[in-house]
Amino acid sequence: MKVFLSWSGERSKKTAESLWSWLPDVLQYINPWLSSLDISAGRRGVREITDELSETNFGIICVTPENQNSNWINFEAGALSKQVEGGYVVPFLVDMRTTDLISPLSQFQAVVGGSKEDAQKLLFDINDVAGSLAISRERLERAFERSWPDFESSMRNIRETPSGDGLSDSVRRSEADMTEEILLIARQLDHRMAEIERYAVRADGTSRRPSREVRRISEEKFISLSFAKIGWEALSSSWEGENVTIVAQGSGESPQSISRDFIERLAKSLGREVIVFGESGRVIVRSNRA
């Protein structure tokens, strides 16, 4: 079973090399592929990587605070998501929390590299998609327990290694990025609810809830999450024609102001003009959507 290891930067590379050594110790049928070790001198790197991607069953992206904006990491993540059947692409986080991930990597289900529980879950996920190669869970658990201390020690050393990339160890998430991520989540929720509603029918064969209502639920959730991301609470929203009227209040003692970029992106996502009122009934901001 081919597992593609993606990396960019020194700490990410060391993580990928540790995974390259460790994974086959636990699951012997795994054939991990890592460009720094598996491309012979003189061979065409990009062509070789493209060929390997076409044969990959599972992708692991080694993500650090300093590399998640890397063009190369995001290129390979996109290529993996298109190539790997079933979307088995996992960001493996080094010195990060899952909430630190930014788009587009945040669309994947990530694991924290230093977490024993997350590392074990990653192996279970790989084993689940291995088909006839899969081993029993009991055998996998025993192999994992034997090998984990050495891998944990390796990961601890990597986390304590300075990045050496001259980049900040944190990435400040922009309102635009957060809004785009929330829209993605809302659309996924909308799709899931629509699928559920399609099978939830009354005895006479009619849907229990109109599709328009299902859509509205996800849009209201989208509004609520969007405002929460910038420190505001959307108290209510009403829909009249081409307008969405939102009553909101700031959370905390000194909430940030609602930026023009935020409200325009919200209007674009909803396909309607957005008008935000405060609790006093005063207009705080409105979009310029025609």
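These legends walk through several close-up views of a predicted model.

**View 1. The whole chain, before we zoom in.** This predicted protein chain is built from 9 helices and 9 strands. Of its 290 residues, 42% are buried. Look at contacts between residues at least 6 apart in sequence, and 65% of them join residues at least 24 apart. The accessible surface adds up to about 15700 Å², with 45% of that belonging to carbon and sulfur atoms.

**View 2. The parallel sheet, an open sheet of 5 strands.** Reading across, the strand order is S2-S1-S3-S4-S5, and the pairing is parallel. Strand S2 (31-34) and strand S5 (111-112) sit at the edges, each pairing on one side only. Further in, S3 and S4 run parallel and are joined by 5 bridges. One place to look is Cys62, which stands opposite Phe92 in S4. On the way to the S5 edge, strand S4 (residues 89-93) pairs with S5 over 2 bridges, again in the parallel sense. Here Phe92 stands opposite Val111 in S5, and Leu93 has Val112 as its bridge partner.

**View 3. Strand S4 on its own.** How many residues of S4 are buried? The count is 5 of the 5, so this strand is largely enclosed by the rest of the structure. In a regular strand, side chains alternate between the two faces of the sheet. You can follow that pattern here: Val89, Pro91 and Leu93 point one way, Val90 and Phe92 point the other way, and all are buried.

**View 4. Helix H1 and what covers it.** Helix H1 (residues 10-26) has 17 residues, which at 1.5 Å a residue should span 24 Å; the end C-alpha atoms are 25 Å apart, so the two agree. Its buried residues are Arg11, Ser12, Thr15, Ala16, Ser18, Leu19, Trp22, Leu23 and Val26. An α-helix has 3.6 residues a turn, so residues three or four places apart point the same way. What covers the buried residues of H1? The cover includes strand S1 (2-6), S2, strand S3 (58-63) and S4, along with helix H5 (116-128) and helix H6 (137-159).

**View 5. Glu66 meets Arg11.** Glu66 sits in the loop between S3 and helix H4 (71-83). Is Glu66 buried or exposed? With a relative accessible area of 9%, Glu66 is buried. Its side chain makes a polar contact of 2.9 Å with the side chain of Arg11. Arg11 is itself one of the buried residues of H1.

**View 6. Helix H5 and its surroundings.** The 13 residues of H5 should span 18 Å at 1.5 Å a residue, and the end C-alpha atoms are 18 Å apart, which agrees. Asp118, Ala119, Gln120, Leu122, Leu123, Phe124, Ile126 and Asn127 are buried in this helix. Their cover includes H1, S3, S4, S5 and H6.

**View 7. Arg137 alongside H5.** Arg137 belongs to helix H6. A relative accessible area of 41% makes Arg137 partly exposed. Which residues does Arg137 contact, leaving aside its neighbours within four places in sequence? They are Phe124 and Asp128. Phe124 lies 13 residues away along the chain, and the C-alpha atoms of Arg137 and Phe124 are separated by 7.7 Å.

**View 8. The mixed sheet, an open sheet of 4 strands.** The order here is S6-S7-S8-S9, with mixed pairing. Strand S6 (232-240) and S9 are the edge strands, each pairing on one side only. From one strand to the next, the twist averages 25°. Helix H9 (residues 260-270) packs on this sheet, touching S6, S7, S8 and S9, and its direction makes about 130° with that of S8. Over at the S6 edge, S6 and strand S7 (residues 243-250) pair in the antiparallel sense over 8 bridges. Trp232 has Gly250 in S7 as its bridge partner.

**View 9. The hairpin of S8 and S9.** Strand S8 (residues 273-277) and strand S9 (residues 283-286) run antiparallel and are joined by 3 bridges. Val276 stands opposite Val285 in S9. The hairpin has 5 residues between the strands, and Gly281 takes a positive phi near 95°.

Conventions. Residues are numbered from 1 along each chain as its sequence is written. This is a predicted model: local features need pLDDT of at least 70, side-chain atom pairs count only at pLDDT 80 or more; totals for chains, interfaces and linings use all residues. Side-chain values use heavy atoms; hydrogens and water are left out. Two strands pair if DSSP finds at least two bridges between them. Buried means under 20% relative accessible area, exposed over 50%, partly exposed in between (1.4 Å probe, protein chains only). Contact means heavy atoms within 4.5 Å. Accessible areas come from the Shrake-Rupley method with a 1.4 Å probe; for residues, only the protein chains shown count as cover. The expected span of a helix is 1.5 Å times one less than its number of residues. A polar contact is a pair of N or O atoms within 3.5 Å; within protein, one must be able to donate a hydrogen and the other to accept it, and residues adjacent in sequence count only if both atoms are side-chain atoms. Axes are lines fitted to C-alpha atoms, for helices over the stretch in contact, and angles run from 0 to 180 degrees between N-to-C directions.
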